[in-house]
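Me: I should be grateful for a close look at a single part of this structure, the second largest pocket, set in the context of the chain that carries it. Please give the cut-offs behind each term.

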Amino acid sequence: MVDQRTHEQPELSTESMVCARCGAVAEGAPPTWTCSVENGERCYFCDRCARENIRAIEGRLDSAWW
């Protein structure tokens, strides 16, 4: 039996979230926004920014490369 946790589950925030790309603000944690971990920090991207950069996101390129 394995007792180790392999992944920490992110806590859902009730505060406003800000898109790391365009600065759009959303209340709470919108289920359609994308979360990326870059340099050990979570970055959130709104629907529009995620759609415009989906290939870079899937290729795991940091947002600085977009």
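Reply: The secondary structure of the chain comprises 2 helices and 4 strands, where helices (H or I, at least four residues) and strands (E, at least two) are DSSP runs numbered from the N terminus. In sequence order, the pattern is β-β-β-β-α-α. The model is predicted, so that local features need pLDDT of at least 70 and side-chain atom pairs count only at pLDDT 80 or more, while totals for chains, interfaces and linings use all residues. Residues are numbered from 1 along each chain as its sequence is written, and side-chain values use heavy atoms, with hydrogens and water left out.

The pocket itself comes next. A pocket is found on a 1 Å grid over the protein atoms alone, as an open set of points where a 1.4 Å probe fits, with protein on both sides within 12 Å along at least five of seven lines; lining residues have an atom within 4 Å of a point. The second largest pocket holds about 160 Å³ of space, a volume being the space filled by probe spheres set on the points, which are joined across faces, edges and corners. Its lining consists of 10 residues, and those closest to its centre are Ser36, Val37, Ile57, Arg60 and Leu61. Strand S3 (residues 34-38) gives the largest share of this lining, 5 residues. Sorted by class, the lining has 5 nonpolar, 2 polar and 3 charged residues; Ala, Val, Leu, Ile, Met, Phe, Trp, Tyr, Cys and Pro count as nonpolar, Asp, Glu, Lys and Arg as charged, and the others, Gly among them, as polar.

Asn39 is placed in the loop between S3 and strand S4 (41-45). Although Asn39 is not a glycine, it has a positive phi of about 55°. Most residues other than glycine have a negative phi. Asn39 counts as exposed because its relative accessibility is 73%; buried means under 20% relative accessible area, exposed over 50%, and partly exposed in between (1.4 Å probe, protein chains only).

The nonpolar interior can be described next. A nonpolar core is a set of buried Ala, Val, Leu, Ile, Met, Phe, Trp, Tyr and Cys residues joined through side-chain atoms within 4.5 Å. The largest such core has 8 residues in all: Met17, Cys19, Ala26, Trp33, Cys43, Phe45, Cys46 and Cys49. Contact means heavy atoms within 4.5 Å, and Cys46 touches Cys19, Cys22, Ala24 and Trp33 when residues up to four places away in sequence are not counted.

Several residues outside that list can be placed in relation to it. Val25 is found in strand S2 and is exposed because its relative accessible area is 56%. Apart from residues up to four places away in sequence, Val25 touches Ser16, Met17, Val18 and Trp33. Its C-alpha atom is separated by 8.5 Å from that of Cys46, 21 residues apart along the chain. Glu27 lies in the loop between S2 and S3, and it is exposed because its relative accessible area is 64%. Between Glu27 and Met17, 10 residues apart in sequence, the C-alpha to C-alpha distance is 6.3 Å.

Ala20, in the loop between strand S1 (17-18) and strand S2 (25-26), counts as partly exposed because its relative accessibility is 49%. Neighbours within four places in sequence aside, Ala20 is in contact with Cys43, Tyr44 and Phe45. Arg48 lies in helix H1 (residues 47-52) and is partly exposed because its relative accessible area is 43%. Arg48 and Trp33 are 15 residues apart in sequence, with 9.0 Å between their C-alpha atoms.

For the chain as a whole, buried residues make up 27% of the 66 residues. Of contacts between residues at least 6 apart in sequence, 27% join residues at least 24 apart. The accessible surface of the chain comes to about 5,600 Å², and 47% of that surface belongs to carbon and sulfur atoms; accessible areas come from the Shrake-Rupley method with a 1.4 Å probe, and for residues only the protein chains shown count as cover.
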